[in-house]
Amino acid sequence: MTADRRRPDHHSDRHPTRAADLRHVVTHLLTPLLMCIGMGLAYLGAFANPTPHHLPVAIVGTGTHAQVLAQTLNDQTHGALEARTVPDRATAIQQLKDQDVFGAYLAGGKPTGAGAPRTPELLLATAGSDTSATVVQKVFTPLAAQQGAPLKITDIAPTAENDPTGQGIFFLLVALSIGSYASVAVIGGAGAALPMRLRAALAIGTSFVVSIIGTLFAGPVFHLVEHGLWALWGMAWLYSAGILLIGTGLHTFLKRWTTLGVMTLFVMLNFTSSGGIFRPEMQNGFFAALHSFWNGAGFVEGTRSHVYFADHGLAGHVWTLAGWLVVGLLTVSVAALAEKHRRTAEAEAIAHAGAVAAAAVAATVPERAPRRTSARSAAPGETDVQEEAEEEMDEAVGV
């Protein structure tokens, strides 16, 4: 008689492994999907419908006509503009340089005394914001047309020749940010076995390299900044070091979610509130509020202040960047304490488990012959940790 034999079903053995692999992929897909949602909410919320909100402008003059024109603009724009009067052209220019206003209108007409009729003039500072200057120009061009005269445009703070829109500083911010937050995953993943003090040192060293690269881009390579490169480098280093230290510290707690965390902080909320494309007066209240203390705004406005506006307000922007650096130092300090506490707890748990096991062996086996200790093998889960670190770095660099 021949026994009835069945061939083993290898397909059924693969199903649990395949299901686990599928769950692994789906879990990792959460990160890009959350990034998609976050980027959509941030960028469309900040940039989709730019509308002026109390954008400050000036009407030059002390007479009734200037006061009536300013009040009329305030009434007709329903809060879009915040028009005020200034006594003379010199005062208007100073307020533009101080970025207290973003446009100053001198109405045309016949001046007092003898002389030719005065042409309507609009004073702008495009280095402060090209988009705000464009909005102001659209507002006052029709007023000049009502007088039957062309509007004279005077730019008292033009941008660099190789950066006509003034947005090169914003794209420099993007380059610095990517170099910084992408390095966080590498330091946190590949350097997970290093003590926190070495990871913090790597973060600071990387920030020096990133800031030097950014300064070279701004100066010798693309000529976005014509002077003050040393100060720009200092602000670039403060900015990059803050991101790297915060990200390195957060990695202790967030692990593979660190990339999403730093992108939320330093891309979604950072780029949109930096003022590089639209100033806060052109955005809603949420992003306008972030502009007052976020690190990207500190770098963009600090660079503008130094390069175009004779350092007016520079100290405040530098303090903003320094504040984020302090937050970074505090973050890595807290992370170092948490890791020390975690290692102590793990060591105590291992020692306790070893003592229990030794007691159990001693109770059941009176005497054991000594045996040679084998080479160290991978700890349970160590391979998974290494693979997760590699996946995290791949995700960060890919983003």
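The points below go through the sheet, its helices and the enclosed and open spaces of this predicted model.

1. The sheet. Five strands make up an open sheet whose order is β2-β1-β3-β4-β5, and the pairing within this sheet is mixed. At its edges stand β2, which covers residues 81-86, and β5, which covers residues 152-155, each of them pairing on one side only. Between neighbouring strands of this sheet the turn is 25° on average, with direction ignored.

2. The β4 and β5 pair. Strand β4, residues 121-124, is joined to β5 in the parallel sense, and the pairing runs over 4 bridges. Within this pair, L123 stands opposite T154 of β5, while L124 has D155, also in β5, as its bridge partner. The two strands also belong to a right-handed β-α-β unit, in which the helix is α4, made of residues 130-146.

3. Helices on the sheet. Helix α2, which spans residues 64-77, lies across β1 (55-60), β2 and β3 (104-106), and runs at about 175° to β2. Helix α3, which spans residues 89-97, also packs on the sheet, where it touches β1, β2, β3, β4 and β5, and its direction makes about 30° with that of β4.

4. The largest cavity. Which spaces are closed off inside the model? There are 2 cavities of 30 Å³ or more in the structure, and the largest cavity has a volume of about 50 Å³. Its lining is made by T126, A127, S129, D130, T131, T165, G166, Q167, G276, I277 and R304. Sorted by class, the residues that line the largest cavity comprise 2 nonpolar, 7 polar and 2 charged ones.

5. The second largest cavity. This cavity holds about 40 Å³ of space, and the residues around it are L96, Q99, V101, F102, A125, G128, S129, S132, A133 and F309. The lining of the second largest cavity contains 6 nonpolar and 4 polar residues, with no charged residues. S129 appears in this lining and also in that of the largest cavity.

6. The second largest pocket. Here the space amounts to about 190 Å³, and the lining consists of 15 residues, of which Q99, R279, H291, E301 and H317 lie nearest the centre of the pocket. Two or more residues of this lining are given by each of α10, residues 295-308, and α11, residues 314-364, and the largest share, 3 residues, comes from α10. By class, the lining of the second largest pocket divides into 3 nonpolar, 8 polar and 4 charged residues.

7. A residue to follow up in the viewer. Q99 is one of the residues nearest the centre of the second largest pocket, and Q99 is also among the residues that line the second largest cavity. For orientation, the pocket has a lining that includes 4 charged residues, whereas the lining of that cavity has no charged residues.

Terms used. Residues are numbered from 1 along each chain as its sequence is written. This is a predicted model: local features need pLDDT of at least 70, side-chain atom pairs count only at pLDDT 80 or more; totals for chains, interfaces and linings use all residues. Side-chain values use heavy atoms; hydrogens and water are left out. Two strands pair if DSSP finds at least two bridges between them. Axes are lines fitted to C-alpha atoms, for helices over the stretch in contact, and angles run from 0 to 180 degrees between N-to-C directions. Contact means heavy atoms within 4.5 Å. On a 1 Å grid over the protein atoms alone, a cavity is a set of points where a 1.4 Å probe fits but cannot get out, and a pocket is an open set with protein on both sides within 12 Å along at least five of seven lines; lining residues have an atom within 4 Å of a point. Grid points are joined across faces, edges and corners, and a volume is the space filled by probe spheres set on the points. Ala, Val, Leu, Ile, Met, Phe, Trp, Tyr, Cys and Pro count as nonpolar, Asp, Glu, Lys and Arg as charged, and the others, Gly among them, as polar. A crossover is right-handed if, with the strands pointing away from the viewer, the path from the first strand over the helix to the second runs clockwise.
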